[in-house]
Amino acid sequence: MSIERFHQALIAESATEFDRPGSTCPVNQLPPYRHQTALLPSHRHSHRRYEPGDFPVAEQAHAHMIKLPVWHRGRDLQLAEQYVRAAMKISDHHEELL
């Protein structure tokens with residue numbers, strides 16, 4: 001099952017806080033790592049720039065992940081358990097969703 005289909009199934013189970021990372025990316029793709037002189041002007045002679053493709057494993061993992069908010073209060077436990085149940089249900093019945 002594609003990650004997109006899995007995500008759609010989560011949403012259909014009312015697990016709407018599952019999210020595809022659009023606001024995050026592998027660290028090597030953040031501007032300070034791609035354009036180091038902006039972050040460290042005294043190192044303007046540094047020739048190392050990190051580009052997409054430099055860390056293929058991290059980029060592959062990022063392309064296949066779903067994220068959740070960080071729940072940190074005791075009262076969030078029930079909601080977190082609901083989300084776990086939704087993900088397990090979809091995993092258990094994934095063949096029906098193909």
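This report describes the fold, one helix packing, the aromatic pairs and several single residues of a predicted model.

## Overall fold

The protein has 5 helices and 0 strands. Along the sequence the pattern reads α-α-α-α-α. The chain has 98 residues, of which 18% count as buried.

Contacts between residues at least 6 apart in sequence were also sorted by separation: 64% of them join residues at least 24 apart. One pair of positions with a long separation along the chain is Ser-2 and Leu-98, which are 96 residues apart, with 8.8 Å between their C-alpha atoms. Ser-2 is placed in the segment before α1. With a relative accessibility of 38%, Ser-2 counts as partly exposed.

## Packing of α1 and α5

Helix α1 covers residues 3-12 and helix α5 covers residues 77-92. The two pack with their axes 10 Å apart and at an angle of about 130°. This angle makes α1 oblique to α5, because an angle has to be over 145 degrees to count as roughly antiparallel and from 65 to 115 to count as roughly perpendicular. The crossing of the two helices is right-handed.

On the α1 side, the residues that take part are Phe-6, Ala-9 and Leu-10. They meet Ala-86, Ala-87, Ile-90 and Ser-91 of α5. Sorted by class, this contact between α1 and α5 has 6 nonpolar residues, 1 polar residue and no charged residues.

## Aromatic pairs

The structure contains 2 aromatic pairs. In one of them, the ring centres of Phe-18 and Tyr-83 lie 5.1 Å apart and the ring planes stand at 40°, so this pair is classed as tilted. Phe-18 belongs to the loop between α1 and α2 (31-34), while Tyr-83 belongs to helix α5, so the pair ties together parts that are 65 residues apart in sequence. Both Phe-18 and Tyr-83 are buried.

The other pair consists of Trp-71 and Tyr-83, with ring centres 5.1 Å apart and planes at 65°, so the pair is edge-to-face. The cut-off for that class is an angle over 60 degrees. Trp-71 sits in the loop between α4 (56-63) and α5, and Tyr-83 in helix α5, so this pair ties together parts 12 residues apart in sequence. Phe-18, Trp-71 and Tyr-83 form one aromatic cluster.

## Surroundings of Trp-71 and Tyr-83

Tyr-83 has a relative accessible area of 3% and is therefore buried. Trp-71, at 23% relative accessibility, counts as partly exposed, because the limit for a buried residue is under 20%.

Apart from neighbours within four places in sequence, Trp-71 is in contact with Glu-17, Asp-76, Leu-79, Ala-80 and Tyr-83. Tyr-83 thus appears both in this contact list and as the ring partner of Trp-71.

## His-7 in helix α1

His-7 is located in helix α1. The relative accessible area of His-7 is 16%, so this residue is buried.

When residues up to four places away in sequence are not counted, His-7 touches Phe-18, Asp-19, Arg-20 and Ile-66. One of these partners, Phe-18, is also part of the aromatic cluster with Trp-71 and Tyr-83.

## Met-65 and the α4–α5 loop

Met-65 is found in the loop between α4 and α5. Trp-71 has its place in the loop between α4 and α5 as well. Met-65 is partly exposed, with a relative accessible area of 32%.

Leaving out neighbours within four places in sequence, the contacts of Met-65 are with Ile-3, Arg-20 and Pro-21. Met-65 and Arg-20 are separated by 45 residues in sequence, and the distance from C-alpha to C-alpha is 6.8 Å. Arg-20 is also among the residues touched by His-7.

## Backbone at Ser-14

Ser-14 has a positive phi of about 70°, although this residue is not a glycine. Ser-14 lies in the loop between α1 and α2, and Phe-18 lies in that loop too. The relative accessible area of Ser-14 is 48%, so the residue is partly exposed; to count as exposed, a residue needs over 50%.

Notes:
Residues numbered from 1 in each chain as written. Predicted model: local features only at pLDDT ≥ 70, side-chain atom pairs only at ≥ 80, totals over all residues. Heavy atoms only, no water. Axes fitted to C-alpha atoms, helices over the stretch in contact; angles between N-to-C directions. Helix = DSSP H or I, 4+ residues; strand = E, 2+ residues; numbered from the N terminus. Parallel < 35°, antiparallel > 145°, perpendicular 65-115°, else oblique. Left-handed = near helix turned anticlockwise from the far one by under 90°. Contact = heavy atoms within 4.5 Å. Nonpolar A, V, L, I, M, F, W, Y, C, P; charged D, E, K, R; others polar. Phe/Tyr/Trp six-rings, centres within 6.5 Å; stacked < 30°, edge-to-face > 60°. Buried < 20%, exposed > 50% of the residue type's maximum accessible area, 1.4 Å probe, protein only.
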